[in-house]
Amino acid sequence: MSLSGLDLNLVLSLRALLEERNVTRAGQRVGLSQPAMSAALARLRRHFDDDLLSRVGRQYELTALGRALLDRTSTACDLLERVFSSRADFSPGSEEHEFTLLTSDYALAVFGAELARTVHAEAPGVRLRFQRTPIDVTEDTAPLLSTADGLLMPRGIIGGFPAVDLFTDRWAFLVAETNDEVGDQLTMDDLARLPWVIYQRAYDAPAARQLSMLGVDPRVEISVDSFQTLPFLVAGTRRIALVQQRLAELLRGVAAVRLMEPPYAAVPLQEALWWHPVHTHDAAHIWLRETAARVGAELAASQPGRITTAAPR
């Protein structure tokens, strides 16, 4: 079916009907009378050759196709809104605008804070909204990117979308100051026998894959959804944790842990800003990307050095 043969207003009606599951409430949401919304539902049913909503007792439930269309319709509406809000020019010093960025707490602490300071100084009317990246980011990347202006994520996790590199980071290990099982250097045997705290999402998959290739299968005792909690879950225990060195140095002193070099040549982390292609030529988004790249370059100029540590007293 060609788009030229469709009334795109039906997309808004479809979203309202699928989300509200009630003709009257759906009509109120999009500004249509109850008869007009009923007519829209009839047209949608003819188009899809499916009821979409079926009565179960006193309520309406989505059909199998209705459930399948729910997320797709939401994504389509988000994309349409972003397409028609695109700008040919953008003046950061005088305009009001909001950008939404999906991020882990690592990228927010290391990069997001610096970006926010720069935006505050150069574009006082611009607001940044940081949202935690959903755990299913690798499975539903396109729908997620359609709802945001960008995703802060290392390379090696997703692909197929435009991105700009920001900065690199090194991996380090956290070990409790009281852990006398570890000397002044970690060994591969330490990694294999000691219990781990890990970040539970897919971001650390490249590091995990590298360890697997080296024959180490971490014995996971605790998994969390926050990098910044790792030091507290290592302190006072036998546990170890793999963490980004820039974040570990920011958190230095918050918990009684030692920062130690990996006992292998850990592949560096390359942080990037990813976006949906619909944003590529939007003037406001171009400014955001250029600003992010500049802040990233400033971070990249201060590379973390090798870690020096001592055995526990």
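These exercises work through helices, salt bridges and buried residues in a predicted model.

**Exercise 1. Check the length of helix 1**

Task: Compare the expected span of helix 1 (residues 9–20) with the distance between its end C-alpha atoms.

Solution:
- Step 1. Helix 1 has twelve residues.
- Step 2. The expected span is 1.5 Å times one less than the number of residues.
- Step 3. For helix 1 that gives 16 Å.
- Step 4. The end C-alpha atoms of helix 1 are 17 Å apart, which agrees.

Now look along helix 1. Its buried residues are L10, S13, L14, R15, A16, L17 and L18. Just after helix 1 comes R21, with a positive phi of about 55°.

**Exercise 2. Describe how helix 1 meets helix 3**

Task: Find the angle and distance between the axes of helix 1 and helix 3, then name the residues in contact.

Solution:
- Step 1. Two packed helices are described by an angle and a distance between their axes.
- Step 2. The axes of helix 1 and helix 3 cross at roughly 100° and come within 10 Å.
- Step 3. Angles from 65 to 115 degrees count as roughly perpendicular. Helix 1 and helix 3 are therefore roughly perpendicular to each other.
- Step 4. Helix 1 brings L10, S13, L14 and L17 to the contact. Helix 3 brings M37, A40, L41, R43, L44 and F48.
- Step 5. Sort the residues of this contact: eight are nonpolar, one is polar and one is charged.

**Exercise 3. Repeat for helix 2 and helix 3**

Task: Describe the packing of helix 2 (residues 23–30) against helix 3 (residues 34–48).

Solution:
- Step 1. The angle is about 105°, and the axes lie 8 Å apart.
- Step 2. Helix 2 and helix 3 are therefore roughly perpendicular to each other.
- Step 3. On the helix 2 side, the contact uses V23, T24, A26, G27 and V30. On the helix 3 side, Q34, M37, S38 and L41 take part.
- Step 4. This contact of helix 2 with helix 3 holds five nonpolar residues, four polar and no charged.

**Exercise 4. Follow L41**

Task: Is L41 buried or exposed, and which residues does L41 touch?

Solution:
- Step 1. Locate L41: this residue sits in helix 3.
- Step 2. Its relative accessibility is 7%, so L41 counts as buried.
- Step 3. Set aside residues up to four places away in sequence. L41 then touches L17, V23, D51 and L53.
- Step 4. Take D51. L41 and D51 are ten residues apart in sequence, and their C-alpha atoms are 8.7 Å apart in space.

**Exercise 5. Compare three salt bridges**

Task: For the pairs D165 and R155, D190 and R193, and R306 and E261, give the N to O distance, the place in the chain and the burial.

Solution:
- Step 1. Start with the total. The model has 18 salt bridges.
- Step 2. D165 and R155 meet at 2.5 Å, N to O. D165 lies in strand 6 (residues 163–169), and R155 lies in the loop between strand 5 (150–154) and strand 6, so the pair ties together parts ten residues apart in sequence. D165 is partly exposed at 39% relative accessibility. R155 is partly exposed at 37%.
- Step 3. D190 and R193 have their closest N and O atoms 2.8 Å apart. Both lie in helix 7 (residues 188–193), three residues apart, about one turn of the helix. An α-helix has 3.6 residues a turn, so residues three or four places apart point the same way. D190 is buried at 4% relative accessibility. R193 is partly exposed at 28%.
- Step 4. R306 and E261 meet at 3.8 Å, N to O. R306 is in the segment after helix 11 (283–300), and E261 is in the loop between strand 11 (257–260) and strand 12 (269–274). This pair links distant parts of the chain, 45 residues apart. R306 is exposed, with a relative accessible area of 66%. E261 is buried, with 13%.

**Exercise 6. Find a salt-bridge network**

Task: Which residues are linked with R15 in a network of salt bridges?

Solution:
- Step 1. Begin at R15, a buried residue of helix 1.
- Step 2. The network links R15 with E19, E20, R25 and R29.

**Exercise 7. Map the surroundings of F167**

Task: Where does F167 lie, and what is F167 in contact with?

Solution:
- Step 1. F167 lies in strand 6.
- Step 2. At 1% relative accessibility, F167 counts as buried.
- Step 3. Leave aside neighbours within four places in sequence. F167 is then in contact with Y106, V110, F111, R246, L269, Q270, E271, G296, L299 and A300.
- Step 4. Add a distance. F167 and V254 are 87 residues apart in sequence and 24 Å apart in space, C-alpha to C-alpha.

Definitions and conventions: Residues numbered from 1 in each chain as written. Predicted model: local features only at pLDDT ≥ 70, side-chain atom pairs only at ≥ 80, totals over all residues. Heavy atoms only, no water. Axes fitted to C-alpha atoms, helices over the stretch in contact; angles between N-to-C directions. Helix = DSSP H or I, 4+ residues; strand = E, 2+ residues; numbered from the N terminus. Parallel < 35°, antiparallel > 145°, perpendicular 65-115°, else oblique. Contact = heavy atoms within 4.5 Å. Nonpolar A, V, L, I, M, F, W, Y, C, P; charged D, E, K, R; others polar. Salt bridge = Lys/Arg side-chain N within 4 Å of Asp/Glu carboxyl O. Buried < 20%, exposed > 50% of the residue type's maximum accessible area, 1.4 Å probe, protein only.
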